[in-house]
Amino acid sequence: MKTLLLLSKVSILAGIFHATAAFSPSSSNLGFSSTRSQQHRRKCASLLFTAASTDSVTDEGLKPCFWKSPDGLCRCLDGEFRTVKGKWEQRIQLKDLKVGQILIGEKIKNADRLNAKTGPKIWFDVGVGRIDSKGNWQMVSGMYRVAKSFAKPSVVKKKVQKLTNKPVELVVHRIFPENGYLEVKISEEESDKDLEKIQQKVSVSSLKEGEEVIGKVVDIRPYGCIVDVGANRNGLLHIQRIADLFDKYIDKEKGIEEVGLERGATIKVSVKSNQKKRLFLDFTEETKQLAKEEAIANEKKKEEEAEAREKAEAEAAAAAMAASFGFDEPAEEDSPSDIEDDKAAMWASYANDYADDYAEDDYYDEDADIEDSLGLGSY
């Protein structure tokens, strides 16, 4: 009898230890410490499990793990609120989750990463777990991306406060059983929209040097444009590439926007380099050629404008000089009709002169003229 009692106690203690391990978040996953209330919750869950379910097993002898769902005024997916009552439930294995499945969770305290490089994030305990290589349960938290990396801190803080200290209805967005990763969203519309974008993207590793792609400017930084080229990682169009294209100094964000590369602009770019998860972009050769031709055309236009300006200045200077000599108005040139009139007057004058000469010698003796020309008049 004593031996059986001793074995029974050992089984109970083993069950308590095994179930409690499920509530210890891995330091490699979240990096936060458990509170006293969480430890108390784990102990209660272990005792309840040992007392009620010592014989139930799943997945080839593994014992289930329980958690207590949150209670209170729950924020639903549609933004409305409803009261939920917390209860002890068996944790769902990560491999059994489906995208679009609805879960109720509570934000984990002291686990926020609001200054992360890829954007602010918070985590929820949603009653999900996984079995590690040693056959033990590990808690899987649902990660929620609060906003984009460039979002204002005040906006992020306000959004996080609305999701704190209350049950929140969440939708399963993405699942990675191989590394224990779970991402959730606070609305189905938000999840569907992001999934549609993800499905359309290609792996950035598939992009080769020199490959031409259509991109969209999603952000502007002092060092260049962040461009979405339809891959799972954005590319950088460095400010030096922009300066080279327009052949002038680019003054950070202001200068980039002045040349037309504002957020939302669609541009054709080529892959300059794609190494170590860094995608660098450049303008295509076609774009460079067009920019060169446009620069030549602009230079020619400037020269023509300069010549026209110099001519106008010269004419203005000549007019000023004429005015200084009293010639307020330039002499008018003779019109073709005036020239014809002058010619007619000249011929009329010539005809009159000839008529006068002819009138002085009305009689003409042809014989006498012949004799004079032959020298016969002297006889």
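This report describes the overall make-up, the salt bridges, a charged surface patch and several individual residues of a predicted protein model.

## Overall make-up

The protein contains 9 helices and 15 strands, and of its 379 residues 31% are buried. Its exposed area comes to about 25,800 Å², of which carbon and sulfur atoms supply 52%. When contacts between residues at least 6 apart in sequence are considered, 58% of them join residues that are at least 24 apart.

## Salt bridges

The structure holds 16 salt bridges, and three of the pairs are set out in the table with the distance from N to O.

| Acidic residue | Basic residue | N to O distance |
|---|---|---|
| Glu169 | Arg82 | 3.2 Å |
| Asp244 | Arg241 | 3.7 Å |
| Glu286 | Lys268 | 3.6 Å |

In the salt bridge between Glu169 and Arg82, the closest N and O atoms are 3.2 Å apart. This pair links distant parts of the chain, since Glu169 belongs to strand β9 (residues 168-176) and Arg82 to strand β3 (residues 81-84), with their positions 87 residues apart in the numbering. The acidic partner, Glu169, has a relative accessible area of 13% and is therefore buried, the limit for that class being under 20%. Arg82, by contrast, has a relative accessibility of 36% and so counts as partly exposed.

The salt bridge between Asp244 and Arg241 is of a local kind, in that both residues lie in helix α5 (residues 239-246), 3 residues apart, or about one turn of the helix. Asp244 counts as partly exposed because its relative accessibility is 47%.

The side chains of Lys268 and Glu286 also meet in a salt bridge, at 3.6 Å from N to O. Lys268 is in strand β14 (residues 266-275) whereas Glu286 is in helix α7, so this pair ties together parts that are 18 residues apart in sequence. Both partners count as partly exposed, Lys268 because its relative accessibility is 34% and Glu286 because its value is 47%. Elsewhere, salt bridges that share partners join Arg145, Arg174, Glu183, Lys185 and Glu190 into one network.

## A patch of negative charge

On the surface, Glu299, Glu303, Glu304, Glu305, Glu307, Glu310 and Glu313 gather in a patch of negative charge. One of these residues, Glu310, is found in helix α7, which runs over residues 285-324. Glu310 has a relative accessibility of 53% and therefore counts as exposed, a class that begins over 50%.

## Loop residues

Two residues that are not glycine have a positive phi: for Asn110 the angle is about 60°, and for Asp247 it is about 55°. Asn110 is placed in the loop between β6 (102-107) and β7 (121-131), while Asp247 is placed in the loop between α5 and α6 (252-258). Asn110 counts as exposed because its relative accessibility is 69%, and Asp247 is likewise exposed, with a relative accessibility of 69%.

The loop between α5 and α6 also holds Tyr249, whose relative accessibility of 66% is the reason that this residue counts as exposed. The C-alpha atom of Tyr249 is separated by 9.5 Å from that of Ile239, a residue 10 positions away along the chain.

## Ser270 in strand β14

Strand β14, which supplies Lys268 to the salt bridge with Glu286, is also the place of Ser270. Ser270 counts as buried because its relative accessibility is 12%. Leaving aside neighbours within four places in sequence, Ser270 is in contact with Gly210, Glu211 and Glu212, and also with Phe280, Leu281, Asp282, Phe283 and Thr284. The C-alpha atoms of Ser270 and Glu285 are separated by 8.5 Å, and these two residues are 15 apart along the chain.

Conventions
Residues numbered from 1 in each chain as written. Predicted model: local features only at pLDDT ≥ 70, side-chain atom pairs only at ≥ 80, totals over all residues. Heavy atoms only, no water. Patch = residues over 30% accessible without salt bridge, like charges linked within 9 Å, V, L, I, M, F, W, Y side chains within 5 Å. Areas by Shrake-Rupley, 256 points an atom, 1.4 Å probe, with all protein chains shown as cover. Salt bridge = Lys/Arg side-chain N within 4 Å of Asp/Glu carboxyl O. Lys, Arg positive; Asp, Glu negative; His and termini not counted. Charge placed at Lys NZ, Arg CZ, Asp CG, Glu CD. Helix = DSSP H or I, 4+ residues; strand = E, 2+ residues; numbered from the N terminus. Buried < 20%, exposed > 50% of the residue type's maximum accessible area, 1.4 Å probe, protein only. Contact = heavy atoms within 4.5 Å.
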